[in-house]
Amino acid sequence: MKRLFEIDLKDYKETDQIYRRPSARAVIIQDDKIALVYSKKEKYYKFPGGGIHDNEDKTKALMREVREEVGMLVIPESISEFGSVLRRQKSNNSENTVFEQENYYYFCDVSNQFVNQELDDYEKDAEFVLRVVDIETAIKANSDYKSDNYFDEIMIKRELRVLQLIQQRM
């Protein structure tokens with residue numbers, strides 16, 4: 001998969017250990033709008049998706065994460081690669097550790113059937129909901145986003161840049 005861009009804060013020591021957490025994320029375009037996860041608490045948008053389990057196929061992880069986060073069912077045959085973004089920064093959880101995340105973005109379609117969300121505790125706390133919005137709405141919200149949590153702020157900057165790349169293609 002082609003690399004779209006990298007975010008490397010270089011705020012860590014070269015001797016720090018690396019914690020890798022790859023993820024798969026869905027780009028779902030519906031009638032010139034985009035389906036995204038919206039945090040009602042934090043007021044940002046992110047692409048549905050999340051961590052790939054050890055030995056899990058990327059597209060299987062994509063389908064699982066989209067189902068869990070927004071209750072949408074991905075049509076497997078519709079999945080196509082968009083690109084990846086590598087993010088590297090000092091871990092917010094572990095001393096002397098680099099958080100490294102390769103985010104794999106895929107275009108995909110979803111069925112008309114919905115299932116219940118299966119949110120993790122932090123996703124419930126952030127009040128994740130599905131929103132299908134104009135891409136400009138998501139770009140504006142993420143451009144305006146500020147947080148005391150610098151780790152989350154970098155995540156939203158990543159999503160903002162990917163949204164802008166998709167907007168250029170639309």
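Which residues does aspartate 134 touch, not counting residues up to four places away in sequence? In the predicted model examined here, aspartate 134 is in contact with Asp32 and Lys33 once those sequence neighbours are set aside. Aspartate 134 itself occupies the loop that links strand 11 (128-133) to helix 3 (135-144), and with a relative accessible area of 34% it is classed as partly exposed. A further reference point is given by aspartate 148, which is 14 residues from aspartate 134 in sequence, whereas the C-alpha to C-alpha separation of the two in space is 27 Å.

The contact with Asp32 has a counterpart in the distribution of surface charge, in that Asp31, Asp32, Asp134 and Glu136 gather in a patch of negative charge on the surface. Of these residues, aspartate 32 is placed in the loop between strand 3 (23-30) and strand 4 (33-39), and its relative accessible area of 64% is over the 50% above which a residue counts as exposed. Aspartate 134, at 34%, is therefore assigned to the partly exposed class, since this value lies between the limits of 20% and 50%.

The backbone of aspartate 32 also deserves mention, as its phi angle is near 65°, a positive value in a residue other than glycine. A phi near 65° is likewise found at lysine 43, again a positive value in a residue other than glycine. Lysine 43 is situated in the loop between strand 4 and strand 5 (44-46), while the loop that holds aspartate 32 runs between strand 3 and strand 4. With respect to solvent accessibility, lysine 43 has a relative value of 47% and so counts as partly exposed, whereas aspartate 32, at 64%, is exposed.

A buried position is provided by serine 84, which belongs to strand 8 (residues 80-90). The relative accessibility of serine 84 is 3%, and the residue is therefore counted as buried, the cut-off for this class being under 20%. When neighbours within four places in sequence are left aside, the contacts of serine 84 include Met1, Lys2, Arg3, Leu4 and Phe5. Glu102, Asn103 and Tyr104 are also among the residues in contact with serine 84.

Methods:
Residues are numbered from 1 along each chain as its sequence is written. This is a predicted model: local features need pLDDT of at least 70, side-chain atom pairs count only at pLDDT 80 or more; totals for chains, interfaces and linings use all residues. Side-chain values use heavy atoms; hydrogens and water are left out. Patches are made of residues with over 30% relative accessible area and no salt bridge: like charges are joined within 9 Å, nonpolar side chains (Val, Leu, Ile, Met, Phe, Trp, Tyr) within 5 Å. Accessible areas come from the Shrake-Rupley method with a 1.4 Å probe; for residues, only the protein chains shown count as cover. A salt bridge is a side-chain nitrogen of Lys or Arg within 4 Å of a carboxyl oxygen of Asp or Glu. Lys and Arg count as positive and Asp and Glu as negative; His and the chain ends are not counted. The place of a charge is taken as NZ of Lys, CZ of Arg, CG of Asp or CD of Glu. Helices (H or I, at least four residues) and strands (E, at least two) are DSSP runs, numbered from the N terminus. Buried means under 20% relative accessible area, exposed over 50%, partly exposed in between (1.4 Å probe, protein chains only). Contact means heavy atoms within 4.5 Å.
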